[in-house]
Amino acid sequence: MNDFVEIVDVGPRDGIQSQSTLLDTDTKIEFIERLIDAGVRRIEAASFVNPKRVPQMADVDELVSRLQKHDHVKYIGLVLNRRGFDRAVQSGIDQINCTTVASETFCQRNQGASVDEMFRTIAEIVVEAQAAKQFVGVTIAASFGCPFEGEIAPQRVATMARQFADLGVDEIALADTIGVAVPSDVSRLLELVMPEIGAIPLRVHFHNTRNTGVANAYAAIQAGVRIIDASCGGVGGCPFAPGATGNVATEDILYMLQRMGIGTGISIEKIIATAKWLEGPLGSAMPAMVSRAGLFPPVAAA
Ligand code: MG
(Lines give C-alpha, C1' and ligand atoms only; values in the text may rest on other atoms or scores of the structure.)
Protein backbone atom coordinates (compact mmCIF):
# COMPACT_ATOMS: atom_id res chain seq x y z
CA MET A 1 0.00 0.00 0.00
CA ASN A 2 1.45 3.35 -1.01
CA ASP A 3 -0.66 6.11 0.41
CA PHE A 4 -0.89 9.12 2.71
CA VAL A 5 -2.77 9.62 5.96
CA GLU A 6 -3.06 12.97 7.68
CA ILE A 7 -2.57 12.83 11.43
CA VAL A 8 -4.24 15.56 13.46
CA ASP A 9 -2.41 15.77 16.77
CA VAL A 10 -4.95 16.62 19.45
CA GLY A 11 -2.47 16.49 22.35
CA PRO A 12 -2.30 20.25 22.98
CA ARG A 13 -6.09 20.45 23.49
CA ASP A 14 -7.87 17.14 24.00
CA GLY A 15 -4.73 15.58 25.44
CA ILE A 16 -3.86 18.07 28.15
CA GLN A 17 -7.37 19.37 28.84
CA SER A 18 -8.20 16.60 31.30
CA GLN A 19 -4.79 16.57 32.99
CA SER A 20 -4.78 17.79 36.57
CA THR A 21 -1.37 19.44 36.11
CA LEU A 22 -1.93 22.84 34.49
CA LEU A 23 0.63 23.76 31.84
CA ASP A 24 1.67 27.38 31.40
CA THR A 25 1.32 29.08 28.04
CA ASP A 26 5.06 28.85 27.24
CA THR A 27 5.01 25.08 27.77
CA LYS A 28 1.95 24.67 25.56
CA ILE A 29 3.64 26.70 22.81
CA GLU A 30 6.76 24.56 23.13
CA PHE A 31 4.64 21.39 22.87
CA ILE A 32 2.99 22.71 19.70
CA GLU A 33 6.30 23.84 18.18
CA ARG A 34 7.81 20.41 18.85
CA LEU A 35 4.91 18.75 17.04
CA ILE A 36 5.36 21.07 14.07
CA ASP A 37 9.09 20.36 14.02
CA ALA A 38 8.20 16.65 13.92
CA GLY A 39 6.12 17.28 10.80
CA VAL A 40 2.57 17.56 12.16
CA ARG A 41 0.57 19.92 9.96
CA ARG A 42 -2.79 20.05 11.75
CA ILE A 43 -2.98 20.54 15.49
CA GLU A 44 -5.97 20.81 17.80
CA ALA A 45 -4.60 23.65 19.88
CA ALA A 46 -7.49 25.29 21.69
CA SER A 47 -11.03 25.03 22.94
CA PHE A 48 -13.13 28.10 23.50
CA VAL A 49 -14.97 26.94 26.57
CA ASN A 50 -15.80 28.40 29.95
CA PRO A 51 -12.46 28.60 31.84
CA LYS A 52 -14.31 27.84 35.07
CA ARG A 53 -15.27 24.46 33.64
CA VAL A 54 -11.94 23.81 31.93
CA PRO A 55 -9.08 25.51 33.82
CA GLN A 56 -6.46 24.08 31.42
CA MET A 57 -7.92 26.32 28.68
CA ALA A 58 -8.06 29.51 30.75
CA ASP A 59 -5.22 31.07 28.71
CA VAL A 60 -6.66 30.13 25.33
CA ASP A 61 -6.97 33.68 23.96
CA GLU A 62 -3.36 34.48 24.82
CA LEU A 63 -2.22 31.08 23.55
CA VAL A 64 -3.86 31.49 20.16
CA SER A 65 -2.47 35.00 19.78
CA ARG A 66 1.01 33.57 20.35
CA LEU A 67 0.78 30.60 17.94
CA GLN A 68 3.54 30.86 15.36
CA LYS A 69 2.57 31.06 11.69
CA HIS A 70 4.08 28.23 9.67
CA ASP A 71 3.50 27.40 6.01
CA HIS A 72 0.96 24.60 5.64
CA VAL A 73 0.28 24.35 9.39
CA LYS A 74 -3.33 24.70 10.52
CA TYR A 75 -4.49 25.15 14.10
CA ILE A 76 -7.92 23.90 15.13
CA GLY A 77 -10.06 25.41 17.88
CA LEU A 78 -13.04 23.63 19.40
CA VAL A 79 -16.34 25.34 20.04
CA LEU A 80 -19.40 24.03 21.85
CA ASN A 81 -21.73 26.98 21.43
CA ARG A 82 -22.33 30.37 19.92
CA ARG A 83 -20.21 32.27 22.41
CA GLY A 84 -17.30 29.93 21.79
CA PHE A 85 -17.66 30.47 18.05
CA ASP A 86 -17.52 34.25 18.45
CA ARG A 87 -14.38 33.96 20.58
CA ALA A 88 -12.80 31.56 18.09
CA VAL A 89 -13.43 33.93 15.17
CA GLN A 90 -12.06 36.83 17.19
CA SER A 91 -8.91 34.85 18.01
CA GLY A 92 -8.14 34.34 14.33
CA ILE A 93 -7.60 30.58 14.70
CA ASP A 94 -7.33 28.80 11.33
CA GLN A 95 -10.03 26.18 11.66
CA ILE A 96 -13.11 25.88 13.84
CA ASN A 97 -14.50 22.56 14.93
CA CYS A 98 -17.98 22.35 16.43
CA THR A 99 -18.88 19.42 18.64
CA THR A 100 -22.20 17.73 19.09
CA VAL A 101 -23.09 14.33 20.50
CA ALA A 102 -24.89 11.33 19.00
CA SER A 103 -26.71 10.52 22.25
CA GLU A 104 -29.48 12.74 23.62
CA THR A 105 -28.59 12.24 27.29
CA PHE A 106 -24.88 12.79 26.80
CA CYS A 107 -25.55 15.84 24.64
CA GLN A 108 -27.71 17.46 27.28
CA ARG A 109 -25.23 16.70 30.06
CA ASN A 110 -22.11 17.71 28.15
CA GLN A 111 -23.36 20.58 26.00
CA GLY A 112 -26.35 21.73 28.05
CA ALA A 113 -28.48 21.47 24.92
CA SER A 114 -30.50 18.82 23.12
CA VAL A 115 -29.26 17.19 19.91
CA ASP A 116 -31.79 19.27 17.93
CA GLU A 117 -30.75 22.48 19.67
CA MET A 118 -27.10 21.70 18.92
CA PHE A 119 -27.96 21.12 15.30
CA ARG A 120 -29.65 24.50 15.04
CA THR A 121 -26.73 26.24 16.76
CA ILE A 122 -24.21 24.56 14.48
CA ALA A 123 -26.32 25.38 11.42
CA GLU A 124 -26.22 29.08 12.37
CA ILE A 125 -22.49 28.91 13.00
CA VAL A 126 -21.88 27.23 9.65
CA VAL A 127 -23.80 29.92 7.76
CA GLU A 128 -21.70 32.62 9.41
CA ALA A 129 -18.46 30.73 8.99
CA GLN A 130 -19.16 30.20 5.31
CA ALA A 131 -19.94 33.90 4.81
CA ALA A 132 -16.57 34.69 6.41
CA LYS A 133 -14.79 31.94 4.41
CA GLN A 134 -13.87 30.33 7.72
CA PHE A 135 -13.14 26.59 7.77
CA VAL A 136 -15.71 24.84 9.95
CA GLY A 137 -15.94 21.14 10.78
CA VAL A 138 -18.21 19.13 13.04
CA THR A 139 -17.41 16.28 15.42
CA ILE A 140 -20.14 13.82 16.35
CA ALA A 141 -19.07 12.63 19.80
CA ALA A 142 -20.11 9.28 21.27
CA SER A 143 -20.70 7.95 17.76
CA PHE A 144 -19.90 4.41 18.88
CA GLY A 145 -21.48 4.33 22.32
CA CYS A 146 -22.75 6.48 25.17
CA PRO A 147 -21.86 6.33 28.86
CA PHE A 148 -25.54 6.86 29.75
CA GLU A 149 -27.56 5.29 26.93
CA GLY A 150 -25.22 2.48 25.92
CA GLU A 151 -25.43 1.42 22.27
CA ILE A 152 -25.90 4.11 19.64
CA ALA A 153 -27.72 3.05 16.48
CA PRO A 154 -25.31 3.51 13.54
CA GLN A 155 -28.20 4.77 11.42
CA ARG A 156 -28.69 7.64 13.85
CA VAL A 157 -25.07 8.74 13.38
CA ALA A 158 -25.35 8.37 9.61
CA THR A 159 -28.46 10.57 9.60
CA MET A 160 -26.68 13.24 11.66
CA ALA A 161 -23.66 13.10 9.37
CA ARG A 162 -25.98 13.58 6.38
CA GLN A 163 -27.54 16.66 8.00
CA PHE A 164 -24.12 18.23 8.54
CA ALA A 165 -23.03 17.30 5.04
CA ASP A 166 -26.13 19.06 3.72
CA LEU A 167 -25.02 22.20 5.57
CA GLY A 168 -21.80 22.04 3.57
CA VAL A 169 -19.38 21.74 6.49
CA ASP A 170 -15.70 21.40 5.59
CA GLU A 171 -15.10 18.18 7.52
CA ILE A 172 -17.04 15.65 9.59
CA ALA A 173 -15.44 13.71 12.43
CA LEU A 174 -16.72 10.64 14.22
CA ALA A 175 -15.46 10.21 17.77
CA ASP A 176 -15.42 7.17 19.99
CA THR A 177 -15.49 9.42 23.03
CA ILE A 178 -15.62 6.66 25.64
CA GLY A 179 -13.42 4.17 23.81
CA VAL A 180 -15.84 1.29 23.32
CA ALA A 181 -15.70 0.60 19.56
CA VAL A 182 -14.14 -2.48 18.00
CA PRO A 183 -13.01 -2.65 14.35
CA SER A 184 -16.21 -4.26 13.08
CA ASP A 185 -18.20 -1.37 14.61
CA VAL A 186 -15.95 1.04 12.72
CA SER A 187 -16.39 -0.79 9.40
CA ARG A 188 -20.15 -0.95 9.83
CA LEU A 189 -20.56 2.71 10.77
CA LEU A 190 -18.25 3.98 8.04
CA GLU A 191 -20.09 1.92 5.45
CA LEU A 192 -23.25 3.79 6.43
CA VAL A 193 -21.74 7.25 6.88
CA MET A 194 -19.41 7.55 3.89
CA PRO A 195 -22.10 7.40 1.19
CA GLU A 196 -24.11 10.03 3.12
CA ILE A 197 -21.39 12.67 3.14
CA GLY A 198 -20.09 12.39 -0.41
CA ALA A 199 -16.84 14.28 -0.97
CA ILE A 200 -16.68 15.90 2.48
CA PRO A 201 -13.52 14.73 4.26
CA LEU A 202 -14.11 12.33 7.13
CA ARG A 203 -11.94 12.30 10.24
CA VAL A 204 -11.95 9.70 12.99
CA HIS A 205 -11.11 10.06 16.68
CA PHE A 206 -10.45 6.88 18.61
CA HIS A 207 -9.64 6.18 22.20
CA ASN A 208 -7.52 3.34 23.46
CA THR A 209 -9.58 2.94 26.64
CA ARG A 210 -10.21 -0.74 25.94
CA ASN A 211 -7.08 -1.31 23.86
CA THR A 212 -8.88 -1.17 20.48
CA GLY A 213 -7.76 2.28 19.32
CA VAL A 214 -5.06 1.23 16.85
CA ALA A 215 -7.17 -1.63 15.49
CA ASN A 216 -10.03 0.83 14.97
CA ALA A 217 -7.71 3.20 13.12
CA TYR A 218 -6.71 0.29 10.87
CA ALA A 219 -10.36 -0.49 10.14
CA ALA A 220 -10.99 3.17 9.29
CA ILE A 221 -8.02 3.25 6.90
CA GLN A 222 -9.25 0.07 5.23
CA ALA A 223 -12.62 1.78 4.78
CA GLY A 224 -10.92 4.73 3.04
CA VAL A 225 -10.57 7.29 5.84
CA ARG A 226 -7.42 9.40 5.44
CA ILE A 227 -7.57 11.75 8.45
CA ILE A 228 -6.92 10.36 11.92
CA ASP A 229 -6.77 12.06 15.31
CA ALA A 230 -4.07 10.97 17.71
CA SER A 231 -2.21 12.52 20.61
CA CYS A 232 1.53 12.58 21.15
CA GLY A 233 2.39 10.13 23.91
CA GLY A 234 -1.27 9.11 24.10
CA VAL A 235 -1.81 11.97 26.51
CA GLY A 236 -5.42 12.48 27.52
CA GLY A 237 -7.56 10.40 29.78
CA CYS A 238 -11.02 9.06 29.17
CA PRO A 239 -13.27 11.43 31.14
CA PHE A 240 -15.75 8.64 31.93
CA ALA A 241 -13.23 6.10 33.14
CA PRO A 242 -10.87 7.77 35.61
CA GLY A 243 -7.38 6.34 35.35
CA ALA A 244 -8.05 4.69 32.00
CA THR A 245 -6.14 5.45 28.84
CA GLY A 246 -7.84 7.80 26.40
CA ASN A 247 -6.55 9.10 23.08
CA VAL A 248 -4.69 6.78 20.75
CA ALA A 249 -1.01 7.70 20.73
CA THR A 250 0.43 9.43 17.67
CA GLU A 251 3.57 7.29 17.77
CA ASP A 252 1.54 4.05 17.99
CA ILE A 253 -0.47 5.05 14.90
CA LEU A 254 2.70 6.24 13.12
CA TYR A 255 4.44 2.94 13.79
CA MET A 256 1.60 1.01 12.18
CA LEU A 257 1.33 3.35 9.20
CA GLN A 258 5.08 3.37 8.61
CA ARG A 259 5.22 -0.44 8.62
CA MET A 260 2.24 -0.49 6.23
CA GLY A 261 4.09 1.82 3.83
CA ILE A 262 1.67 4.69 4.38
CA GLY A 263 3.20 8.17 4.50
CA THR A 264 2.38 10.84 7.07
CA GLY A 265 5.23 13.33 6.71
CA ILE A 266 5.84 13.00 10.46
CA SER A 267 9.05 11.86 12.18
CA ILE A 268 8.19 9.10 14.64
CA GLU A 269 11.54 9.65 16.39
CA LYS A 270 10.67 13.29 17.04
CA ILE A 271 7.20 12.40 18.28
CA ILE A 272 8.72 9.89 20.71
CA ALA A 273 11.20 12.54 21.88
CA THR A 274 8.32 14.99 22.37
CA ALA A 275 6.32 12.43 24.34
CA LYS A 276 9.31 11.89 26.63
CA TRP A 277 9.75 15.65 27.01
CA LEU A 278 6.05 16.07 27.88
CA GLU A 279 6.41 13.69 30.81
CA GLY A 280 8.48 16.43 32.50
CA PRO A 281 5.94 19.27 32.58
CA LEU A 282 2.99 16.92 33.19
CA GLY A 283 4.86 14.94 35.83
CA SER A 284 3.48 11.62 34.64
CA ALA A 285 4.42 8.78 32.31
CA MET A 286 2.81 8.62 28.87
CA PRO A 287 0.70 5.59 27.98
CA ALA A 288 2.00 5.27 24.38
CA MET A 289 3.39 1.78 23.79
CA VAL A 290 5.86 2.44 20.98
CA SER A 291 7.64 5.05 23.10
CA ARG A 292 8.28 2.34 25.71
CA ALA A 293 9.12 -0.54 23.39
CA GLY A 294 11.19 1.40 20.85
CA LEU A 295 11.20 1.22 17.08
CA PHE A 296 11.67 -1.77 14.82
CA PRO A 297 14.00 -2.43 13.16
CA PRO A 298 16.09 -0.96 15.98
CA VAL A 299 17.79 2.30 15.10
CA ALA A 300 21.53 1.64 14.87
CA ALA A 301 23.62 3.44 17.45
CA ALA A 302 25.55 6.32 15.92
MG1 MG B 1 -10.15 12.28 22.82
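Okay, let's start with one pairing: aspartate 9 has isoleucine 43 in E3 as its bridge partner. Before I go on, a reminder that this is a predicted model.

So, where does that pairing sit? Two bridges join E2 to E3, and the two strands run parallel. Strand E3 covers residues 42-47, and six of its six residues are buried, so the rest of the structure largely encloses it. On to the next neighbour: E3 also pairs with strand E4, residues 74-79, in the parallel sense, this time over five bridges. If you want a spot to click on there, serine 47 stands opposite leucine 78 in E4.

Now zoom out. What do the strands add up to? Eight of them close into a barrel, in the order E2-E3-E4-E5-E6-E7-E8-E9, with parallel pairing. On average, neighbouring strands in this sheet are turned by 30 degrees against each other, ignoring direction. As a general reminder, strands of a sheet pair through backbone hydrogen bonds, either parallel or antiparallel.

Moving further round, strand E6 (residues 135-141) and strand E7 (residues 171-175) run parallel and are joined by four bridges. Glycine 137 is the one standing opposite glutamate 171 in E7.

What about the helices? Helix H6, residues 115-131, lies across strand E5 (95-101) and E6, and runs at about 165 degrees to E5. H10 packs on the sheet too, touching strand E2 (6-9) and E9, and its direction makes about 170 degrees with that of E2.

Next, the metal. Which residues hold the magnesium ion? The protein donors are Asp14 through OD, His205 through NE2, His207 through NE2 and Asn247 through OD1, and they lie 2.0 to 2.2 Å from the ion. Along the sequence, the donor spacing reads D-x190-H-x1-H-x39-N. Look at two of those donors: histidine 207 is in the loop between strand E8 (202-205) and helix H9 (213-222), while asparagine 247 is in the loop between strand E9 (227-230) and helix H10 (250-260), so this pair ties together parts that are 40 residues apart in sequence. Are they buried or exposed? Histidine 207 is buried, at 4% relative accessibility, and asparagine 247 is buried as well, at 3%.

While we're around H9, have a look at asparagine 216, which sits in that helix. Asparagine 216 is buried, with 0% relative accessibility. Leaving aside residues up to four places away in sequence, asparagine 216 touches Asp176, Ala181, Val182, Pro183, Val186 and Phe206.

Then there's the core. The largest nonpolar core has 94 residues, and the members touching the most others are Ile7, Tyr75, Ile172, Leu174 and Val193. Helix H11, residues 268-282, gives the most to this core, with seven residues. Let's take isoleucine 7 from that list: again not counting residues up to four places away, its contacts include Val40, Arg42, Ile228, Ala230, Thr250 and Ile253.

Last stop, the cysteines. How many disulfides are there? Zero, searching the whole structure. Cysteine 107, for one, is in no disulfide, and the nearest cysteine sulfur, from cysteine 146, is 10 Å away. With a disulfide cut-off of 2.5 Å between the sulfurs, you can see why that pair doesn't count. Cysteine 107 is buried, with a relative accessible area of 0%, and cysteine 232 is buried with 0% too.

That's it from me.

Notes: Residues numbered from 1 in each chain as written. Predicted model: local features only at pLDDT ≥ 70, side-chain atom pairs only at ≥ 80, totals over all residues. Heavy atoms only, no water. Core = buried A, V, L, I, M, F, W, Y, C linked by side-chain atoms within 4.5 Å. Buried < 20%, exposed > 50% of the residue type's maximum accessible area, 1.4 Å probe, protein only. Contact = heavy atoms within 4.5 Å. Donors = N, O, S within 2.8 Å, 3.2 Å for Na, K, Ca; no water. Pairing = 2+ DSSP bridges. Axes fitted to C-alpha atoms, helices over the stretch in contact; angles between N-to-C directions.
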